[in-house]
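Please open the model in a viewer and keep the selection panel at hand. The tour proceeds by selection, one stop after another.

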Amino acid sequence: MENKQKKSLIIIGIVLVLLAAALVAINISKKVGASGGAMPSGGPRMGRAGGNTVFTVRSVEAKKAVLTDYVITNGEVESQTAVEVFPSMSGKIAQINVMLGSHVNRGDVIAKVDPSEPGTKYALSPVEAPISGSIVSSPLKIGTTVTTNSAVTMIGDIDNLQISCSIPERYVAELKTGLKAEVSLEAYPGIVFSATVSRVSPVVDSSTRTKEIILNFDKKDSRINAGMFAKVKLYTTRYSGQLVVPSDAVVLNDDGSAYLFVVNDNDTVSRREVKTGKSVDSMIQITDNLMADEKVVYEGMLSLSEGAKVNDLSNPKPAAEAESKKEAE
């Protein structure tokens, strides 16, 4: 019995020692936290100045700029002039004198058709090139039966290329000749070719609800080939005459109104109700209640309120000025 009592007392003693050690550790932790330490990660960066919270932000000056809207679409590079070649008689192709890419002159014989039928024998009928150019589609094979409505091949002018694109109906009102475009080809990533709209279809395709446009390259380039797939950035409407700021600077209220924060000379901010205009990519027009060269917060504004003090990383104070201000305080 004595041994059991001794063991119980030993266990109780160990438990009491552990509890005492835990209480001491908690007390030390509280003291360290009260005396300062690393700031928690996440949230807006801020410091202390004169008892007031200072929010770290970035700003940009409001400037007048032109925003140019655009449409992204796909197209195909093709010859400006392309003509299908048809035989003058029905029969079987007996001879082919050209291949894909061959250059021909008007009047050259590109193929011959045998109009003979069982029990008859006729002279071969020549198929002549109606225009000068290059063979841009693979000719039909020897032995193929053709009629006067069967195209043997196609001839195109590969020295003068164009791009045909289909534009969705919602952009039709903005289409006109003379619009500029940037063209990218999969074969040459990172290279941009300039082009201009030369023709706009007068009708909308009822099945696709699109309107076809034709663009001509501004400069000839031997790297561009007929049949290439093209990605087209078509510039449409230009919006000018208004101040422009980053879209991130504008905060929308639940009722659709907008505001932003303007940085004052005393390193505080003013909340400013504004009216917005057109937006293109990451920029937006401000049409009212903002002046040119005023600095607008575009990063860190969600933590701000009227009169808040800020440290603007986009406009750091000179070292001498900062030191002078510190001494004055």
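Begin with the sheet: select its four strands, which lie in the order S4-S11-S9-S6 with antiparallel pairing and form an open sheet. Strand S4 (82-85) and strand S6 (103-104) occupy the edges, and each has a single partner strand, so one side of each is left without a neighbour in the sheet. This is a predicted model, and the strands should be read accordingly.

Next, select S6 together with strand S9, residues 133-137. The two run antiparallel and are joined by two bridges. Which residue of S9 stands opposite Val-104? Selecting Gly-133 shows the partner: Gly-133 in S9 faces Val-104.

Now move to helix H1, which spans residues 2-35, and select Ile-10 within H1. Is Ile-10 buried or exposed? Its relative accessibility is 54%, and because exposed means over 50%, Ile-10 counts as exposed. Extend the selection to Ile-14 and Leu-18: with Ile-10, these residues form a nonpolar patch on the surface. Together the three have about 310 Å² of accessible area.

Finally, colour the chain by pLDDT. The mean for the protein chain is 86, and 82% of its residues reach 70 or more. Where does pLDDT stay under 50? One such stretch covers residues 31-45, for which the model has six contacts beyond four places in sequence. Another covers residues 47-51, and for this stretch too the model has six contacts beyond four places in sequence.

Note on methods
Residues numbered from 1 in each chain as written. Predicted model: local features only at pLDDT ≥ 70, side-chain atom pairs only at ≥ 80, totals over all residues. Heavy atoms only, no water. Pairing = 2+ DSSP bridges. Patch = residues over 30% accessible without salt bridge, like charges linked within 9 Å, V, L, I, M, F, W, Y side chains within 5 Å. Areas by Shrake-Rupley, 256 points an atom, 1.4 Å probe, with all protein chains shown as cover. Salt bridge = Lys/Arg side-chain N within 4 Å of Asp/Glu carboxyl O. Buried < 20%, exposed > 50% of the residue type's maximum accessible area, 1.4 Å probe, protein only. pLDDT = per-residue confidence, 0-100. Contact = heavy atoms within 4.5 Å.
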